[in-house]
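Dear colleague,

I am handing over the structure below, and would be grateful if you could look through it alongside my notes.

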Amino acid sequence: MEARWSGRPIAGIRQLEQQQFRVERGENPAIEPETVIDSRLTPLVELFSSSGVKQIAGSRMTYHWSHKASLGALAFNDSGNSSRTAQETRVADSGDLVIDVQKGFELSQQSRLTQSAGTKTLSSLFETAHGSCREQR
């Protein structure tokens, strides 16, 4: 997993070790977990939406998801010296997963931390991963 922050990283937001997702193929294709990237934020997810798994016969599968989660009040340091007033914050995630016919996958997710009452981005994280899926029967 490759991760790039803009702004300051928020300690404890992600813990991405040994991540796994499961894909069910067939008449009713599905992805588990629905958020694909499972993290400490997953239990806080609200306003979840997805495209559902789109499978093109003999070709690739695609899946898009997005969700928001309220994180409560967070305070940030300016220049490492003075502390600003705590602000209500929320994180908005959106991601894409593509699985090709050879079972290779590409995953990307963009996370934005914003003030709940505003649109100013306090920090953002862009994560990408690629690899291959193992078929299990």
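The notes that follow cover salt bridges, strand pairing and one buried side chain.

Please bear in mind that this is a predicted model, in which local features need pLDDT of at least 70 and side-chain atom pairs count only at pLDDT 80 or more, whereas totals for chains, interfaces and linings use all residues. Residues are numbered from 1 along each chain as its sequence is written, and side-chain values use heavy atoms, with hydrogens and water left out.

Salt bridges

A search of the whole structure gives two salt bridges, a salt bridge being a side-chain nitrogen of Lys or Arg within 4 Å of a carboxyl oxygen of Asp or Glu. One of them joins R22 to E24, with 2.4 Å between the closest N and O atoms. R22 is exposed, at a relative accessible area of 52%, while E24 is partly exposed, at 32% (buried means under 20% relative accessible area, exposed over 50%, and partly exposed in between, for a 1.4 Å probe and protein chains only).

The side chains of R90 and E46 also form a salt bridge, at 2.8 Å from N to O. This pair links distant parts of the chain, since R90 lies in strand β9 (residues 87-99) and E46 in strand β4 (residues 45-50), 44 residues apart. Strands are DSSP runs of E with at least two residues, numbered from the N terminus. E46 is partly exposed, with a relative accessible area of 32%.

Strand pairing

Two strands are taken to pair if DSSP finds at least two bridges between them. Strand β6 (residues 61-74) runs antiparallel to β4, to which four bridges join it, and in this pairing V45 stands opposite A69 of β6. Strand β5 (residues 54-55) is likewise antiparallel to β6, with two bridges between them, and K54 has T62 in β6 as its bridge partner. β6 also pairs with β9 in the antiparallel sense, over 13 bridges, where H64 has D96 in β9 as its bridge partner.

A buried aspartate in β9

Is D93 buried or exposed? D93, which is placed in strand β9, counts as buried, at 4% relative accessibility. The side chain of D93 makes a polar contact with the side chain of S111, at 2.4 Å; such a contact is a pair of N or O atoms within 3.5 Å, where within protein one must be able to donate a hydrogen and the other to accept it, and residues adjacent in sequence count only if both atoms are side-chain atoms.

With best regards
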